[in-house]
Amino acid sequence: MRGQQLIDELRAREIHIRQLEYERLQLVHEIHEQGIAKEMGAYSTASFLRDTVRISPADARRRVADANALFGSTTLTGQPIEAQLPVAARALAAGAISRDHVQVVRTTIDTLPAEHHADVEQLLVEEATRFEPVTLGKIATRTRAHLQPEQVVLEEQQARKRMEFSMIEDIDGTILLRGRLSPECAEVLKAALSPLAKPAGKDDNRSATRRWADALIELAHRILNSDTLPQDGGRRPHLAITISYEQLRDQIGLARGDFGAQITPQTIRQIACDAGITPIVLNSEGQPLDVGREQRLVTATIRAALIARDKGCSFPGCDRPPEWTDAHHIIHWIEGGITSAELMTLLCRFHHTIIHEQDWEIIMQNGIPYYIPPAWVDPQRKAIRNTMHAA
């Protein structure tokens, strides 16, 4: 199949899958109504589904709630409850809407007085035949704001109180971020991250999720470098990492951050290109003997000279401005490199990582940084420069 045939077949399969979703929810409803879960020794229908068809607890609960809303249920006293969503049930049976649409309709109806149920269901099901579930959710929110403005304001206030954020170490050493933001606070965060999450040139093949993650770290770096944060424990907030000189020089072992993170010397070398360094001398047993004062490796004068020359990230093809860059030692200071504009260049964080992790080389020609790509990029390894910032 080609072209329109493929599209028609995709649509037909989607309708069939939605009709199967309807039939599956019918089965869930019958299992729930007949009390089969308890006969089988399960605590609830949701827990029975979780173990029987191996789905997540959250999905199992949603299936039971969707089934009850579409087909009705029976109370503990044996009184039948009519189906909340007869219009949505017919649309799902016809394959006109998806189960995600059904969940938007159900969760909206649950928050409204009974007198609005029929009209709102009819409205949302009609819109569901034209829009995907996320857009339908926005329509549902606007509908609720029209019918219950005071309730929507109250929920917005409650959403702020429910905000949370946590960082949990996973078994592989990475950190899992988990949290919840109110809609307006999420907008603030997105507005701050969006300009930092753009692709860094044509060679940037990061996924969108990776770019957003990198943007979050970039935002934190900028705040730490701005010197605008309040003091934490009597000192200006900064990144402190403990590692021996030999480990850093020979790139062996692991360093330790203030909050317990284990970091490779290779990454430390990148951080140390343009950062405040607090030397901590350790004895053979790892106990601190002396703590030196913080020394700024790149002075304001040197950075100004780099900005005047490079005008932004100097990696070929990158148009990132100076505000988005670190000062990189072409010869690392741990290997005897000198901190001077003649032997440094500006790199955005994305390309700074590439330089430290891949086989790119930087040479200076007539005071301009040129880049020699790895052989797998250019077998001839011809030196190239950035012309994106040229007038």
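Which helix is the place of Ala65? Ala65 sits in helix 4, which covers residues 57-71. The views below come from a predicted model, where local features need pLDDT of at least 70, side-chain atom pairs count only at pLDDT 80 or more, and totals for chains, interfaces and linings use all residues. Residues are numbered from 1 along each chain as its sequence is written, and side-chain values use heavy atoms, with hydrogens and water left out.

**View 1. Ala65 in helix 4 and its distance to Gln103.** Helices here are DSSP runs (H or I, at least four residues), numbered from the N terminus. Ala65 comes out as partly exposed, at 27% relative accessibility. For that scale, buried is under 20% relative accessible area, exposed is over 50%, and partly exposed is in between, using a 1.4 Å probe and protein chains only. Gln103 is 38 residues from Ala65 along the chain, and the C-alpha atoms of the two are separated by 8.9 Å.

**View 2. A salt bridge between helix 4 and helix 6.** A salt bridge here is a side-chain nitrogen of Lys or Arg within 4 Å of a carboxyl oxygen of Asp or Glu. Asp59 pairs up with Arg99, and their closest N and O atoms are 3.2 Å apart. Asp59 belongs to helix 4 and Arg99 to helix 6 (residues 99-109), so this pair ties together parts that are 40 residues apart in sequence. Both Asp59 and Arg99 are buried. The pair also belongs to a network of salt bridges that links Asp59, Arg63, Asp66, Arg99 and Arg106. By the rule above, the count for the structure is 19 salt bridges.

**View 3. Salt bridges within helix 1 and within helix 11.** In helix 1 (residues 4-33), Glu9 and Arg13 are 4 residues apart, so about one helical turn separates them. Their closest N and O atoms are 2.7 Å apart, and the two form a salt bridge. Glu9 is partly exposed, at 28% relative accessibility. Over in helix 11 (residues 208-226), Arg210 and Asp214 are also 4 residues apart, about one turn of the helix. Their side chains meet in a salt bridge at 3.0 Å, N to O. Arg210 is partly exposed at 43% relative accessibility, and Asp214 is partly exposed with a relative accessible area of 24%.

**View 4. Helix 5 against helix 7.** Two packed helices are described by the angle between their axes and the distance between the axes. Axes are lines fitted to C-alpha atoms, for helices over the stretch in contact, and angles run from 0 to 180 degrees between N-to-C directions. Helix 5 (residues 86-93) packs on helix 7 (residues 117-128) at an angle of about 25°, with the axes 8 Å apart. That makes the two helices roughly parallel, a label for angles under 35 degrees. On the helix 5 side, Pro86, Val87, Ala88 and Ala91 meet Glu121, Gln122 and Val125 of helix 7, with contact meaning heavy atoms within 4.5 Å.

**View 5. Cysteines without a disulfide.** The structure holds 0 disulfides, a disulfide being a pair of cysteine sulfur atoms within 2.5 Å. For Cys318, the closest cysteine sulfur is in Cys313, at 3.7 Å, which is too far for a bond. For Cys348, the closest cysteine sulfur is also in Cys313, at 3.8 Å, again too far for a bond. Cys318 is buried at 0% relative accessibility, and Cys348 is buried at 3%.

Note on methods. Parallel < 35°, antiparallel > 145°, perpendicular 65-115°, else oblique.
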